[in-house]
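Biologist: I should like a close look at a single part of this protein. Please take the structure below as the starting point.

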Amino acid sequence: MTKTHGVLGLVGICLLIVVLSAAGLASDFVTRLGLDLDGLLLILSSLLMGLLFLGMLAVIAMEQGWIPQRHKKESAAPAPAKPAAPRAAPVKPQSEEAVSVRPGEGK
């Protein structure tokens, strides 16, 4: 339940920002700011915030399975089998011979 509650909180935040961005775009045209510097800044910042949070909303919806994901068609050829894992070499018994630890004095 807590995971669903957390996801619904994220969805609510994303929807709120998208709605506020749409309201910012609408207010640009209602107040007739138009294409002067203030109007362009309001349009671009509203579009940026709206598209970022709309994209995040789409990602959340795909992860939750609310939007079906498209799967690529698999080819008719079967997938190659995985190669078997290499076997470990058999353990050799330790010999009782003395072994020198000095370099160059071994057999």
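Which residues does aspartate 28 touch, not counting residues up to four places away in sequence? Please set the answer in the context of the rest of the chain.

Modeller: The model is a predicted one, and what follows is computed from it. Aspartate 28 touches Leu33, Gly34, Gly39, Leu42 and Ile43, once residues up to four places away in sequence are set aside. Aspartate 28 itself lies in helix H1, which spans residues 2-30. Helix H2 covers 37-64, so Gly39, Leu42 and Ile43 fall within that range by the definition of helices as continuous runs.

The charge of aspartate 28 deserves separate attention. Aspartate 28 is buried, yet has no salt bridge. The nearest side chain of opposite charge belongs to arginine 32, and the distance to it is 11 Å. A salt bridge would require a side-chain nitrogen of Lys or Arg within 4 Å of a carboxyl oxygen, so arginine 32 does not serve as such a partner for aspartate 28.

Arginine 32 is found in the loop between H1 and H2. With a relative accessible area of 74%, arginine 32 counts as exposed, whereas aspartate 28 is buried. The backbone of arginine 32 is also of note: its phi is positive, at about 60°, although the residue is not a glycine. Most residues other than glycine have a negative phi.

From this end of the helices one may follow the two elements along the chain. The protein has two helices and zero strands. Leucine 47, in helix H2, has its C-alpha atom 7.7 Å from that of leucine 25, although 22 residues separate the two along the chain. Leucine 47 is partly exposed, because its relative accessible area is 38%. Glycine 50, also found in helix H2, is buried, with 9% relative accessibility. Apart from its neighbours within four places in sequence, glycine 50 is in contact with Val18 and Ser21. The C-alpha atoms of glycine 50 and leucine 15 are 9.1 Å apart, and the two residues are 35 apart in sequence.

Leucine 57 continues the account: leaving out residues up to four places away in sequence, leucine 57 touches Val11, Cys14 and Leu15. Leucine 57 also belongs to the largest nonpolar core, which has five residues, the others being Val7, Val11, Cys14 and Ile60. Helix H1 and H2 are the elements that give two or more residues to this core, and H1 provides the largest share, three residues. In soluble globular proteins, nonpolar side chains tend to be buried together.

Nonpolar side chains also appear on the surface. Leu8, Met62, Trp66 and Ile67 make a nonpolar surface patch of about 400 Å². Isoleucine 67 is placed in the segment after helix H2 and counts as partly exposed, at 35% relative accessibility.

The totals for the protein complete the setting of aspartate 28. Of the 107 residues, 12% are buried, and aspartate 28 is one of the buried residues. The protein exposes about 10,000 Å², of which carbon and sulfur atoms supply 68%. Among contacts between residues at least 6 apart in sequence, 50% join residues at least 24 apart.

Definitions and conventions: Residues numbered from 1 in each chain as written. Predicted model: local features only at pLDDT ≥ 70, side-chain atom pairs only at ≥ 80, totals over all residues. Heavy atoms only, no water. Patch = residues over 30% accessible without salt bridge, like charges linked within 9 Å, V, L, I, M, F, W, Y side chains within 5 Å. Areas by Shrake-Rupley, 256 points an atom, 1.4 Å probe, with all protein chains shown as cover. Helix = DSSP H or I, 4+ residues; strand = E, 2+ residues; numbered from the N terminus. Buried < 20%, exposed > 50% of the residue type's maximum accessible area, 1.4 Å probe, protein only. Contact = heavy atoms within 4.5 Å. Core = buried A, V, L, I, M, F, W, Y, C linked by side-chain atoms within 4.5 Å. Lys, Arg positive; Asp, Glu negative; His and termini not counted.
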